[in-house]
Amino acid sequence: MEVKRTIIFSALLVAMTVIAAGTAAAGWIVAATTDYETGNTAIMNTDTGVFDGNALGHSDQDISVVARGGYIYFIEKSLGAISKYDPARLAKKDMVYQYSVGAGTNPYDIVFVSDTLAYVIRYGSSSILAINPEARDQASFAGNEIDISMFDSAGVPEAVAGYYHDGVVYVVLQRLNGWTADKSGLLVAVDAATGTLIDYDPIAEGIQGCELLVRNPQNISAADGELFISGHVWGEQTEGIMGINLVDGFRNVTQRMVLDEESLGMDLTGVSVIGNGRGICYSSGWIQDNLGAWIQVGAAYWFDTVAGALGDVLPVPTPGGSAVLAEGIVYVASRDDSAPGLYSVDPATNTLYSSPFITTLPPTVVVYCGEGDPILVENDTMPSVFNLGKPYPNPFNPSTVVSFETSGPGHVFAEVYNVLGQRVDRKSTRLNSSHRIRS
């Protein structure tokens, strides 16, 4: 099936390139925002561009957000609860449910296995909790608990994040001694089908985990079967960003240091990987102003996830350690004191794609939620058939029309450059019904 479209431009047309075509559905960019005294939510409809920086307040000041199956799940850490919302009805404050995952357990993450099975990673608990995200009541929501107390002498190994890959739920543990990271972080694995721990070393006594290259793992990001873990100890530069390859299964994982703090001479405090060998790393810290208030400062850098080479600085003030790629644009959370919000960056040019989306509170986590299963668009795909028509009229004043055909529906970005090689216009469309895009 070929799909034909026309685009009208009122700029000097020299060349037009279709950057990418994929099948990402319309959805929402959702950000959890907080000043650690109160919590809020910002949301943008990626189809209409409508943005609300003050969509939903929270009684819990320490929140995170995860997307799955067209829904968003707020992780309310202080309350020890999970609340589920339809993003289309977020402004109406129409909650689907709110269920407890245990008072005082300090939930950090949700790892989805299927529509009816997920695991809650709880920082303040000695176990991982299985849940049913489709539950209609509390009794059917909380399921089995998987004991992980054996991985820490104090019985609570500080689980910070999780990731699902090829039938296995991977969980990252900090294993702190009070506030001190005096031993390596640990990766443990759960067989998602049976809900039982997988022993990393069956020969050794007891159930073993895989010791990580970093002592204080803080957050994770993944692409192409590799899990990237950011480790950092405040006041030192001995950690960095490591990669752990999961393709061959838990007992055959391989590890490598991708970016090293000591060799770079900077603190690395977070990581976001967008696929195709590209990632974003964060370097941040805190300073006190003249009034004694603590202010976060820092920068974000592109890096090559394969070679481990540091690249350009992103044009985002005080990036907050979270970013998501949706429909070809990277949305980066910024905790800038004067203009907190979401900054959209074109990864091809490392320039701001639009004006910042200002939020009422500084964002900490940003996710993409689709109308169906959420799609973190990590790989752009090109159509098997693509034909670009001649512009008409040519020459023109003040506009011209360009037609193009592809082998099927999808999402297309088109760019126009002048004779100096400068981009003067950029349009996007979904190839699902006949229409025109006007500049």
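This passage walks through a predicted model, from a four-stranded sheet to a hairpin, the nonpolar cores and one loop. Because the model is predicted, local features need pLDDT of at least 70 and side-chain atom pairs count only at pLDDT 80 or more, while totals for chains, interfaces and linings use all residues. Residues are numbered from 1 along each chain as its sequence is written, and side-chain values use heavy atoms, with hydrogens and water left out.

Start with the open sheet, whose 4 strands come in the order β5-β4-β3-β32 with antiparallel pairing. Its edges are β5 (51–52) and β32 (363–370), each of which pairs on one side only. Strands here are DSSP E runs of at least two residues, numbered from the N terminus, and two of them pair if DSSP finds at least two bridges between them. Inside the sheet, β3 (residues 27–34) and β4 (residues 39–45) share 7 antiparallel bridges, and Ile29 sits opposite Met44 in β4.

Next comes a hairpin made by β19 and β20, with 2 residues between the strands. Asp224, in the turn, has a positive phi of about 55°. The strands β19 (residues 217–223) and β20 (residues 226–231) run antiparallel and are joined by 6 bridges; Ala222 has Leu227 of β20 as its bridge partner. Of the 7 residues in β19, 5 are buried (under 20% relative accessible area with a 1.4 Å probe, protein chains only; exposed is over 50%, partly exposed in between).

Both hairpin strands feed the largest nonpolar core, along with β14 (159–165), β15 (168–173), β16 (186–191) and β21 (240–245), each giving two or more residues. A nonpolar core is a set of buried Ala, Val, Leu, Ile, Met, Phe, Trp, Tyr and Cys residues joined through side-chain atoms within 4.5 Å. This one has 24 residues, and Leu187, Leu212, Leu227, Ile229 and Ile244 have the most contacts inside it. Leu227 itself is in contact (heavy atoms within 4.5 Å) with residues including Tyr163, Leu187, Met242 and Ile244, leaving aside neighbours within four places in sequence. Apart from this core lies another, of 18 residues, among them Val113 and Ala130.

Finally, the loop between β29 (341–346) and β30 (351–352) holds Asn350 as well as Ala348. Asn350 counts as buried because its relative accessible area is 17%, whereas Ala348 is exposed because its relative accessibility is 62%. A polar atom of the Asn350 side chain lies 3.0 Å from the backbone oxygen of Val313.

Key
A polar contact is a pair of N or O atoms within 3.5 Å; within protein, one must be able to donate a hydrogen and the other to accept it, and residues adjacent in sequence count only if both atoms are side-chain atoms.
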